[in-house]
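Visitor: I am new to protein structures and would like a close look at a single part. Could you take me to one strand and then show me what lies around it?

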Amino acid sequence: MRILVLGGTSFVGRAIVEDALRTGAEVTLFGRGRTGTELFPELTRLIGDRDTGDYAALSGGSWDAVVDVSGYVPRHVGQAMDALGDRVGRYLFLSSHAVYRREGVGPGSDEDTPRRPPVRDTEELTEDTYGRCKVACEDDVRARYGARATIVRAGKVAGPHDTSDTFTYWVRRAARGGRVAVPGDPRQPVQIIDSRDLARLVVRLLADDRPGAFHAVGPDEPVTLGGLVETCARVAGSRVEVVRVPDDELPLFFPLVRHDWATQQRSPARARAAGLPATPLAVTAADVLAWDRARGEPPLTVGFTPEEERARLSYRDGSQTAPLW
């Protein structure tokens, strides 16, 4: 199978390329050539820029499938489809659970859950526009390719090479042990998907030439935020005490903390039936821990600093009259 990956040298795209190569696929990469240039030296690289609309490198060639991991606004997707035309068989678009409406959604919601209204008049991605731009992208791919369109809506993705630090924060913090401040209810459900499971699903869907929309969520068993911290500690050989602390004045998306629990309980049934594997959380945590240590544990961009966490814990214990953040 000949696969064109729009992106493919960062995190999710990297995992997809690795899995496609495992199956013997012939992979072509399209991107700016600025990141991951040392990766996959044997592959053909086509240089272009989606932000500026430079798709000249796609003027020739044909592929059995394209995997779009870097389309965030309708212009990105529309210009890519214009450049490729009918020289691709299937168009697989990597979307997000941010496409869904949040009102009236209960646990176990599936891919037929109502989506938010699409937005096309902005390319500024915010909490309000990100998911709605993805809705517009989904609609455009389906309108152009019909039964040759596949949509994969990924939950929070975790694994080695994840520079968002969202899961890495908890892995690293749990490895230090001791009292761990959790800003919110530790009983909150959490859904993460191992990047390699997501990649396996994408490649399986292409191999089966399967249309439709699919949730990519995990892990293999339901887990709470407190349970996730404890699993990460167990993998690292440390001991932790999960302590609930005030959740006021947090950033919009503190790592894995969500107040709408139903958004963390979506059904993976359709994707599982299509071949989505289920890596145990402990395996994902162990691999992220090893990767993080191998890269030298650089400063994280999310979560509490040690000083902020100590202040939260002190405030929780009543030893301070006000938190220091």
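Guide: We will start with strand β1 and move outward from there.

This is a predicted model, in which local features need pLDDT of at least 70, side-chain atom pairs count only at pLDDT 80 or more, and totals for chains, interfaces and linings use all residues. Residues are numbered from 1 along each chain as its sequence is written, and side-chain values use heavy atoms, with hydrogens and water left out. The names for helices (H or I, at least four residues) and strands (E, at least two) come from DSSP runs, numbered from the N terminus.

Now to β1 itself. Four of its five residues are buried, so β1 is largely enclosed by the rest of the structure. Here buried means under 20% relative accessible area, exposed means over 50%, and partly exposed is in between (1.4 Å probe, protein chains only).

Next, the partners of β1. Two strands pair if DSSP finds at least two bridges between them. Strand β2 (residues 26-31) runs parallel to β1 and is joined to it by five bridges; in this pairing, L6 stands opposite F30 of β2. Strand β4 also runs parallel to β1, with four bridges between them, and there I3 stands opposite A65 of β4. In a regular strand the side chains alternate between the two faces of the sheet.

How does the chain get from β1 to β2? Together with helix α1 (residues 12-22), β1 and β2 make a right-handed β-α-β unit. Right-handed means that, with the strands pointing away from the viewer, the path from the first strand over the helix to the second runs clockwise.

Helix α2 (residues 74-84) is our next stop. Its buried residues are P74, H76, V77, G78, A80, M81 and L84. What covers the buried residues of α2 includes our strand β1 (2-6), along with β4 (63-68), β5 (88-96) and α3 (130-145). Just after α2, G85 takes a positive phi of about 55 degrees.

Let us look at some cysteines too. C133 is buried, with a relative accessible area of 0%. Why does C133 form no bond with C137? The sulfur of C137 is the closest cysteine sulfur to that of C133, but at 6.7 Å it is too far for a bond. A disulfide is counted when a pair of cysteine sulfur atoms lies within 2.5 Å, and a search of the whole structure finds zero of them. C232 also counts as buried, at 2% relative accessibility.

For a second helix, try α9 (residues 306-317). At 1.5 Å a residue, its 12 residues should span 16 Å, and the end C-alpha atoms are 16 Å apart, which agrees; the expected span is 1.5 Å times one less than the number of residues. The buried residues of α9 are E309, A311, R312 and L313, and they pack against α4 (166-176), β8 (178-183) and β13 (240-245).

Finally, a word on confidence. The mean pLDDT of the protein chain is 94, and 98% of its residues reach 70 or more; pLDDT is the predictor's confidence in each residue, from 0 to 100. Over residues 321-325, however, the pLDDT is below 50, and beyond near neighbours in sequence this stretch has eight contacts in the model, a contact being heavy atoms within 4.5 Å. Where pLDDT is low, the predicted coordinates should not be read in detail.
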